[in-house]
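Me: I am new to this structure. Please take a close look at the salt bridges, then set them beside a few other spots.

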Amino acid sequence: MSHRPSSGLAAVSTALLAMSRHLEVRDVLKTIVASARELLDAEYAALGVPDDHGGFAQFVVDGVSDAQWKAIGPLPRQHGILASMLRDAKVERLADVRKDPRFEGWPSAHPDMSDFLGLPIKDGDETIGALFLANKRCPKPDGGCGFTAEDEELLSILAQHAAIALTNARLYERSRELTIAEERSRLAHELHDAVSQKLFSLRLTAQAAAALVDRDPARAKGELQQVAVLAAEAADELRAAVVELRPAALDEDGLVNTLRTHIQVLDRAHTARVTFDSRVVRALPAAQEEALLRVAQEALHNALRHSGANEVDVVLVRRGQGAVLSVTDNGKGFEPKTVRRAGRHLGLVSMRDRANGVGGTLTVESAPGKGTTIEMEVPGG
């Protein structure tokens, strides 16, 4: 049964409204692909954004399961018909893509496709993407294509508005990057002022303690306790400022790649073995990805600096529409209740605040001599 709206105009209107609701580039890409597939009642749809190295910076599909997409393997290169669309900037409507002389095959796990409709997405003279559909769900004339001239016209209209939506999303993200840069500059000044004052006070207090050691040990002890307090406050202010800086890599590479890169660096920098495993995790809203990244960083910091572990494992998996992050170490562990009573939180308060702030939960499992596991779950967007 066809899922296409009864009116072509209504279908286009529905698709355009859907695209206008999003500002994140990845969300816009997914909406364009889903809208195109529904609009033309096709079995498969995809959109590739080219990079400068003969591949695709982003490639979004609709109609392919997560397991099948994973089995297909790496992103396609710009060759064959995809390259032709990007190079020649013209529509391709084919009765059987497999019989086209430019066809170069596909991986064994790739779904079988026949009739094909593809076109470039252009911003002025620049081709910013290639949108294509395959296997129209309808009776096909003998040796003919299921996609019609009307389909081609509708997809061309959608592509024009997709170019606007994608360009607007890119402008929004660039604007946000500028805002982040300005915020980083502001935080840098605040960090310098606040921590400098704390360190200045700490130095004076330490000097006072040194002068009192011989003639008034009791007062010297009090001054040393104040040194510890000031040092802790300086560390807290430093951490508070640093965690507010969202790394650019998260916007550019996504959560999984950013975590993988970060963990590879830690694995090289520390004697402990640090591993990462990720299983079929969909893109999440930006706030949730940032919260997961920050909790992972805090948990890794604790494990590598304080636990004495020689192995730390980070796992990110899909659960329903959301995701679950776990950081497990084989270190000395601790008693969570004792840590809370002693006022030493090991960053647990900030981690819980981050989890709660995006509608998630944080659990801590630890015991002396038995290592620690910190798990954070966030719902889907």
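The reply below starts with the salt bridges, then turns to a helix, two single residues and a pocket.

Reply: This is a predicted model, so local features need pLDDT of at least 70 and side-chain atom pairs count only at pLDDT 80 or more, while totals for chains, interfaces and linings use all residues. Residues are numbered from 1 along each chain as its sequence is written, and side-chain values use heavy atoms, with hydrogens and water left out.

Start with the rule. A salt bridge needs a side-chain nitrogen of Lys or Arg within 4 Å of a carboxyl oxygen of Asp or Glu. By that rule there are 13 salt bridges.

One of them pairs Asp 100 with Arg 102, at 2.9 Å from N to O. Asp 100 is buried at 13% relative accessibility, while Arg 102 is partly exposed at 25%. Here buried means under 20% relative accessible area, exposed means over 50%, and partly exposed falls in between (1.4 Å probe, protein chains only). The pair does not stand alone: Glu 92, Asp 100 and Arg 102 are linked in a network of salt bridges.

Another bridge joins Asp 88 and Arg 87, at 3.4 Å from N to O. Asp 88 is partly exposed at 38%. Arg 87 is exposed at 58%.

A third example is Glu 311 with Arg 273, whose closest N and O atoms are 3.7 Å apart. Glu 311 sits in strand S7 (residues 311-319) and Arg 273 in strand S6 (residues 273-279), so this bridge ties together parts 38 residues apart in sequence. Both strands and helices are DSSP runs numbered from the N terminus: helices are H or I with at least four residues, strands are E with at least two. Glu 311 is partly exposed at 30%, and so is Arg 273 at 48%.

Now helix H2. It covers residues 25-40, and its 16 residues should span 22 Å at 1.5 Å a residue; the end C-alpha atoms are 23 Å apart, which agrees. The expected span is 1.5 Å times one less than the number of residues. Buried residues of H2 include Val 25, Leu 29, Ile 32, Ala 36 and Leu 40. An α-helix has 3.6 residues a turn, so residues three or four places apart point the same way. Just after H2, Asp 41 takes a positive phi of about 55°.

Next, two buried residues. Gln 288 lies in helix H8 (residues 286-306) and is buried at 7%. Its C-alpha is 8.8 Å from that of Gly 357, although the two are 69 residues apart in sequence. Ser 326 belongs to strand S8 (residues 322-329) and is buried at 14%. Beyond its neighbours within four places in sequence, Ser 326 is in contact with Asp 313, Val 314, Val 315, Ile 374 and Glu 375. Contact means heavy atoms within 4.5 Å.

Last, the second largest pocket. A pocket is an open set of points on a 1 Å grid over the protein atoms alone, where a 1.4 Å probe fits, with protein on both sides within 12 Å along at least five of seven lines; lining residues have an atom within 4 Å of a point. This one holds about 530 Å³ of space. Its lining has 29 residues, and Pro 76, Leu 82, Trp 106, His 110 and Phe 132 lie nearest its centre. Strand S1 (42-50), strand S2 (56-62), helix H3 (66-72) and helix H4 (80-88) each give two or more residues to that lining.

How values were computed
Grid points are joined across faces, edges and corners, and a volume is the space filled by probe spheres set on the points.
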